[in-house]
Amino acid sequence: MDTLFTIIAIIAILFGFVVFFGAPYVPSKRRELERALDELYPVGDADVLVDVGSGDGVVLREAAKRGVRRAVGYELNPIFVALSRLLSRKYKNVQVRLGNMWQMKLPDDTTVVYAFAVARDSRKLARKMQLEAKRLGRPLLLMTFGLPTLAGREPERRLGAHALYRFE
């Protein structure tokens with residue numbers, strides 16, 4: 001019984017830690033995600049998609065199914081990292097990394113970043129994207145879910161709860 005309590009406490013602490021530092025885990029609605037990856041910004045073999053807070057990896061797998069060169073997920077919760085790696089094991093172009101995206105550089109070949117974002121992180125996310133676009137010396141696209149505006153910016157396009165932003 002003590003072991004079960006300890007396991008539950010560890011899981012609760014991990015999920016609480018992640019919510020404190022990032023957005024809460026909200027599973028992506030597959031149909032909306034599929035439409036976004038097909039219509040809002042159709043990803044393909046020229047793309048390297050980075051999912052910030054990749055959770056169980058559904059965005060990574062959907063991007064891999066569409067032939068992206070690479071799909072890279074950053075996740076703070078080690079439970080989700082393990083789950084995502086397990087569920088994505090058949091996709092050779094999917095990588096899941098344990099880490100805080102706020103403290104890391106995007107891969108140099110990133111073309112599009114996907115994020116479920118909350119309003120409190122809007123300015124921070126916009127700043128991070130602008131800095132990364134400047135560092136890379138080329139435009140970066142950001143696809144968000146559930147965030148009506150990003151630090152006062154209007155998106156290039158919208159599709160349902162998804163929005164697409166360009167950072168020069």
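Accessible areas here come from the Shrake-Rupley method with a 1.4 Å probe, and for residues only the protein chains shown count as cover. With that in hand, show the whole surface: the protein chain exposes about 9,000 Å², and carbon and sulfur atoms supply 60% of that area.

Before going further, note that this is a predicted model, where local features need pLDDT of at least 70, side-chain atom pairs count only at pLDDT 80 or more, and totals for chains, interfaces and linings use all residues. Residues are numbered from 1 along each chain as its sequence is written, and side-chain values use heavy atoms, with hydrogens and water left out.

Now switch to cartoon. You'll find 5 helices and 7 strands in the protein chain; helices (H or I, at least four residues) and strands (E, at least two) are DSSP runs, numbered from the N terminus. Trace the chain along its sequence and the pattern reads α-α-β-α-β-α-β-β-α-β-β-β.

Next, pick out the strands. They make an open sheet of 7 strands in the order 3-2-1-4-5-7-6, with mixed pairing (two strands pair if DSSP finds at least two bridges between them). Strand 3 (94-98) and strand 6 (157-159) stand at the edges with a single partner strand each, so one side of each has no neighbour in the sheet. From one strand to the next, the twist averages 20°.

Zoom in on strand 1 (residues 48-52): 4 bridges join it to strand 4, and the two run parallel. Select Asp51 and look across to Tyr114 in strand 4, which stands opposite.

Time for the helices. Helix 2 (residues 30-40) lies across strands 1, 4, 5, 6 and 7 (162-167), running at about 145° to strand 6. Then try helix 3 (residues 58-65), which lies across strand 1, strand 2 (70-75), strand 3 and strand 4 and runs at about 170° to strand 1. Contact means heavy atoms within 4.5 Å; axes are lines fitted to C-alpha atoms, for helices over the stretch in contact, and angles run from 0 to 180 degrees between N-to-C directions.

Last stop: the structure holds 1 aromatic pair. Select Phe116 and Phe145, a tilted pair at 6.1 Å centre to centre with 35° between the planes. (Rings of Phe, Tyr and Trp, its six-membered ring, pair if their centres lie within 6.5 Å; planes under 30 degrees apart count as stacked, over 60 as edge-to-face and the rest as tilted.) Phe116 sits in strand 4 (residues 112-116) and Phe145 in strand 5 (residues 140-145), 29 residues apart. Phe116 is partly exposed at 26% relative accessible area, whereas Phe145 is buried at 15%; buried means under 20%, exposed over 50%, and partly exposed in between.

Key. Buried means under 20% relative accessible area, exposed over 50%, partly exposed in between (1.4 Å probe, protein chains only).
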